[in-house]
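Trainee: I'm new to this structure and would like a close look at one part of it. Could you pick up from the spot I ask about and then walk me outward from there?

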Amino acid sequence: MPTTPNIQDLSRYHTHERALSALAAMVHQGDQTLSARRYVSIAAAVAAVGGLLFGYDTGIIASALIFVTQTFSLSTAGQEWVAAALNIGAIFGALLSGPVSDRWGRRPAIMVAAGIFIAASLGCGLAPNVGTLIFARLWLGVAIGATTQIVPVYVAELAPASRRGGLVSLFQLVFSLGLLLAFFVGYELSGGAGSWRAMFMLGAIPAILLALGMFFLPESPRWLLHHEHERRAVSILYRLRGHKDIVRQELDDVLTVDAGEAAGADRFSLKQRWIRPALVAALGIAAFSQLSGPNVIVYYAPIILSQAGLGHSAALLTSVSVGVTSTITTAMGIALIDRIGRRRMMLYMLPVAALSLFVLGAVFLSSAPLAGVRLILMVVSLLGYIFFNFGSLSVAVWLIAAEVFPLFVRSKAMGMASATVWVSDTIVSLVTLSLVEALGTTGTFWLFGFINVAAFVFVWKYVPETAGTTLEQIESALRSGTFYTNIGNQTGTRQES
């Protein structure tokens, strides 16, 4: 008895046929791989401006809070609420932006986040009282949380497999640049009690650039195909790849996988057993990226080092060195992550990051003032930790989460990973100074050293190598139960333009 094809199967069949028909209509166009490569780079660079927003507002609060406290006579609790409001908002922004980008598209969602950021930055700068400031900071966090969810997904869906690692990781590099920019702006504008208003309002400038830049960028072709906008998807994919053979192969991969996932694409799809390995890998890396302590150094190094006997000016100079080092090592990680691989970089660098923290803790075993060899060891181990931690976990965190999930849950899952980053960051921010009081400087650094060891074990056991592998090959590995094998070395991996 013949079987009747279901409606979903017919829909996928017609989607495939319409996509191939749109591609056939472009047969007269020649090889444009060089211009396509430039176009992808420009799109990734513009989208990565979202990382500048993230970095700037993460860093500027350290300078602004001093003057906010003077203006509003804040108590310690008031200072904590002003600082923590952004993190709280970011958790909600990360979780809520996934459904928005799934329904309306990646590009409009980024533009909405930029618009919220502009309004919230101006709201912070014009706040007449501390309640308004906290409210504006909450919305600033919503915009940043949304950006950390949407931008990596958007770039991952635009980029070819051979360049995806470096292009997605641009987000982290621009974050480091935003952090540095915040340090310099805070220093230059520090003056009267009202100088914090300009510090906050300047954050609107990169948000305006992001919103304007997104006007000229394309929608994700994978999102378009998933929503049956085949002609636009094929046209954009051709501009991003530049050759009809590459486009044809990618269309076949995307539509084949899309057809296979249709039956399971319900609202509980993240609970399906076959997706669980991707959840473990992405959420684990997201948590360890913060629990391993990088923001302990970024936020609290000057305070910890001053309390340990280092002069205030020397402690601040060390903090600037941390910012410069994090930027350099992130740039290095971007250059190497597609060549060496995500998993390999983390396995090579995390043990050295842990060793650096153990040495740093040993330096503070003595209560004598830092000088001579101990001072040199302190600086070398501190910067060594930043180099090897930022160059591994911090470079990979947004990338892993953006590439390991199937398309139909990618935004939702990326939102969970982004929220995990913000929750973990909030926890570390709230407990670090208490840990220093309870365990001492040495005990605190050693604790974070052991967490870096735990991160190494986690990567070794649960994170596969995904370098050079298409998003569809990663999904196929999940479905077949081979996710934990070395995906990047599977037969059939293609290197694209």
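Trainee: Is Glu 465 buried or exposed?

Mentor: Keep in mind that this is a predicted model. Glu 465 counts as buried, because its relative accessibility is 2% and the cut-off for buried is under 20%.

Now for its partner. The side chain of Glu 465 meets that of Arg 344 in a salt bridge, at 3.5 Å from N to O. Arg 344 belongs to helix H16 (residues 342-363), while Glu 465 sits in the loop between helix H18 (407-462) and helix H19 (471-480), so this pair ties together parts that are 121 residues apart in sequence. Arg 344 has 28% relative accessibility, so it counts as partly exposed. In other words, this bridge has a buried end at Glu 465 and a partly exposed end at Arg 344.

Let's step along to helix H19. There the side chains of Arg 479 and Glu 475 meet in a salt bridge, with 3.3 Å from N to O. These two are four residues apart in H19, so about one helical turn separates them. Glu 475 counts as buried because its relative accessibility is 3%. Arg 479, with 37%, counts as partly exposed.

Salt bridges that share partners also make a network here: Asp 102, Arg 106, Glu 157 and Arg 410 are joined into one. Inside that network, Glu 157 forms a salt bridge with Arg 106, and their closest N and O atoms are 2.9 Å apart. Glu 157 is in helix H6 (residues 130-158) and Arg 106 is in helix H5 (residues 106-126), so this pair ties together parts that are 51 residues apart in sequence. Both Glu 157 and Arg 106 are buried. Over the whole model, the count comes to 11 salt bridges.

Back in helix H19, have a look at Ala 477. Ala 477 counts as buried, because its relative accessibility is 1%. Its C-alpha atom is separated by 9.6 Å from that of Trp 274, although the two residues are 203 apart along the chain.

Next, go to the other side of your loop, to helix H18, where you'll find Val 457. Val 457 has 43% relative accessibility, so it counts as partly exposed. Together with Leu 365, Trp 446, Phe 450, Val 453 and Trp 460, Val 457 makes a nonpolar surface patch of about 630 Å².

H18 also leads us to the inside, as one of the elements that give two or more residues to the lining of the largest cavity. The structure holds three cavities of 30 Å³ or more, and the largest has about 160 Å³ of space. How do we find such places? Rolling a probe the size of a water molecule over the atoms shows where empty space is left.

The largest cavity is lined by 16 residues, and those nearest its centre are Phe 54, Gln 172, Phe 175, Gln 290 and Asn 295. Besides H18, the elements giving two or more residues to that lining are helix H3 (49-72), helix H7 (164-189), helix H13 (276-291), helix H14 (294-307) and helix H17 (372-403). H17 gives the most, with four residues. By type, the lining of the largest cavity divides into nine nonpolar residues, six polar ones and one charged.

H3 takes us on to some loops. Ser 73 is found in the loop between H3 and helix H4 (76-104). Ser 73 has a positive phi of about 50° even though it isn't a glycine. Its relative accessible area is 62%, so Ser 73 is exposed.

Glu 228 is another non-glycine residue with a positive phi, in this case about 60°. You'll find Glu 228 in the loop between helix H10 (221-226) and helix H11 (230-241). Glu 228 is partly exposed, because its relative accessible area is 37%.

One last stop is past H11, where His 243 lies in the loop between H11 and helix H12 (244-261). With a relative accessible area of 21%, His 243 is partly exposed. The C-alpha atoms of His 243 and Gln 32 are separated by 6.2 Å, although these residues are 211 apart along the chain.

Note on methods:
Residues numbered from 1 in each chain as written. Predicted model: local features only at pLDDT ≥ 70, side-chain atom pairs only at ≥ 80, totals over all residues. Heavy atoms only, no water. Salt bridge = Lys/Arg side-chain N within 4 Å of Asp/Glu carboxyl O. Buried < 20%, exposed > 50% of the residue type's maximum accessible area, 1.4 Å probe, protein only. Patch = residues over 30% accessible without salt bridge, like charges linked within 9 Å, V, L, I, M, F, W, Y side chains within 5 Å. Areas by Shrake-Rupley, 256 points an atom, 1.4 Å probe, with all protein chains shown as cover. 1 Å grid on protein atoms, 1.4 Å probe; cavity = no way out; pocket = protein on both sides within 12 Å on 5 of 7 lines; lining within 4 Å. Points joined across faces, edges and corners; volume = space filled by probe spheres on them. Nonpolar A, V, L, I, M, F, W, Y, C, P; charged D, E, K, R; others polar.
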